[in-house]
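Please open the model in a viewer and keep the sequence panel visible. The tour below proposes one selection after another and describes what is found at each stop.

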Amino acid sequence: MAELMVRDGTWSFDGDRVWIVPGQERSVHRLRQDLGETSVPLEALAGIAYEPARKGGRLRLRLRDGADPLLHVTGGSLPDDANPYQVAVDPDRTGVAEYFADEVRHSLLLDQVVTGPTDRYLLPGPAVPLSAAGVDGVASFDGEHVHIEWRWTTSESKKHAGARDFALADLAGVDWRPASGLESGYLRFRPKGVTATLKPEHDPNAIELWGFKKESGRTALLAAAVAARLPHPSGGSAPAAGPVTAARTAPALEQTPDPGNASGGGQDPDVLLRRLRELGELHRDGILTAEEFAAAKAAVLKGFHGAG
């Protein structure tokens, strides 16, 4: 287990997932605190980098294109302090950060993780229900429906359109853009068959955004929560039915590994690598003790070297 504890939060890596727990100090961006604990599976990673600086440095996860709905809807527009996949490293923790990065790289290599684009989301997106406020309206999402209520400051065209309700099945997508200079940003819902032609201040399907204050990051989280439950933008498979959560649950296994006979002698490397991931899930969920996990993992690695 590799663990990095800094003022911005705690990162830990168990060989299968990077667990990110944001700090609770006022200096930590509100978006990261609202997102809460994040679990990044190894298969969602394209790489990791530690970037040294005069005072400390920064540790960054690089996710595969299309793996995370939050990164998809924000399109690289999140400021560094709001990005949950990077963390400022204190000067006295630089050695730990370098070790952490090495451990993740080693596992990516050992598991032969494909680092190219993916056609399905590998992270679940923010938990729901969720609400977020913009300049002229408040949006809420319960996992199945989006509702928008307008504030008194909204335009006459939006007031005339009235409150908005969308079922997920009626949406083709959701867009989020931060303000840029004098141009407003927006949180826009795109109903199927409707092409957006109006500016956000007049579009009845959009909430207008100004700036990127710490509080306004919730609009990005809401957009990501909706996107996570819509078909993947690549045209790949749609998300599984039911609410998407970040619960630490083990996937269904074809056969529960026997800690005393985990090497699966004679199996090819792909089978052995899959068994390693299964063992990690069982250990993380408390089905295997630390001692059982260590013994089983050693047996699998022995079989891996034998297969090579």
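The stops that follow cover sheets, single residues, a helix and a pocket.

**Before starting**

This is a predicted model, in which local features need pLDDT of at least 70 and side-chain atom pairs count only at pLDDT 80 or more, while totals for chains, interfaces and linings use all residues. Residues are numbered from 1 along each chain as its sequence is written, and side-chain values use heavy atoms, with hydrogens and water left out.

Helices (H or I, at least four residues) and strands (E, at least two) are DSSP runs numbered from the N terminus. Two strands pair if DSSP finds at least two bridges between them. Strands of a sheet pair through backbone hydrogen bonds, either parallel or antiparallel.

**Stop 1: the sheet of strands 1 to 4**

Select strands 1 to 4, which form an open sheet of four strands in the order 1-2-3-4, with antiparallel pairing. Strand 1 (2-6) and strand 4 (38-41) are the edge strands, each pairing on one side only. Neighbouring strands of this sheet are turned by 10 degrees against each other on average, direction ignored; axes here are lines fitted to C-alpha atoms, for helices over the stretch in contact, and angles run from 0 to 180 degrees between N-to-C directions. Next, show strand 1 with strand 2: five bridges connect them in the antiparallel sense. Within this pair, Met-5 faces Thr-10, its opposite residue in strand 2.

**Stop 2: the sheet of strands 5 to 7**

Move to strands 5, 6 and 7, an open sheet of three strands with the order 5-6-7 and antiparallel pairing. Strand 5 and strand 7 (86-89) stand at the edges with a single partner strand each, so one side of each has no neighbour in the sheet. The twist averages 15 degrees from one strand to the next.

Strand 5 (residues 45-52) and strand 6 (residues 57-63) are joined by seven bridges in the antiparallel sense, and Tyr-50 stands opposite Leu-59 in strand 6. On the way to strand 7, Leu-59 stands opposite Val-87, and four bridges join strand 6 to strand 7.

Now select the turn of the hairpin that strands 5 and 6 form, with four residues between them. Gly-56 in this turn has a positive phi of about 85 degrees. Arg-54 lies in the loop between strand 5 and strand 6. Is Arg-54 buried or exposed? Its relative accessibility is 88%, so Arg-54 counts as exposed (buried means under 20% relative accessible area, exposed over 50%, and partly exposed in between, with a 1.4 Å probe and protein chains only). The C-alpha atoms of Arg-54 and Pro-91 are separated by 8.5 Å, although these residues are 37 apart along the chain.

**Stop 3: the loop before strand 8**

Select the loop between helix 3 (94-110) and strand 8 (130-133), where Pro-129 is found. The peptide bond from Val-128 to Pro-129 is cis, with omega near 5 degrees. Gln-112 belongs to the loop between helix 3 and strand 8 as well. Although not a glycine, Gln-112 has a positive phi of about 50 degrees. Gln-112 counts as exposed because its relative accessibility is 51%.

Continue to Ser-131, which is in strand 8. Ser-131 counts as partly exposed because its relative accessibility is 36%. The C-alpha atoms of Ser-131 and Arg-218 are 7.4 Å apart, with their positions 87 residues apart along the chain.

**Stop 4: strands 12 and 13**

Select strand 12 (residues 171-177), where five of the seven residues are buried, so the strand is largely enclosed by the rest of the structure. Add strand 13 (residues 185-191), which runs antiparallel to strand 12 and is joined to it by six bridges. Val-174 stands opposite Phe-189 in strand 13.

**Stop 5: helix 5**

How many residues of helix 5 are buried? Selecting helix 5 (residues 217-228) shows a mostly covered element, with 11 of its 12 residues buried. Among them are Gly-217, Thr-219, Leu-221 and Val-226.

**Stop 6: a pocket**

Finish at Asp-14, Gly-15, Asp-16, Phe-293 and Lys-297, the closest to the centre of the second largest pocket among the 23 residues that line it. This pocket has a volume of about 420 Å³. On a 1 Å grid over the protein atoms alone, a pocket is an open set of points where a 1.4 Å probe fits, with protein on both sides within 12 Å along at least five of seven lines, and lining residues have an atom within 4 Å of a point. Grid points are joined across faces, edges and corners, and a volume is the space filled by probe spheres set on the points. Strand 2 (9-13), helix 3, helix 6 (269-284) and helix 7 (290-307) are the elements that give two or more residues to the lining.

Methods
Expected span 1.5 Å × (residues − 1).
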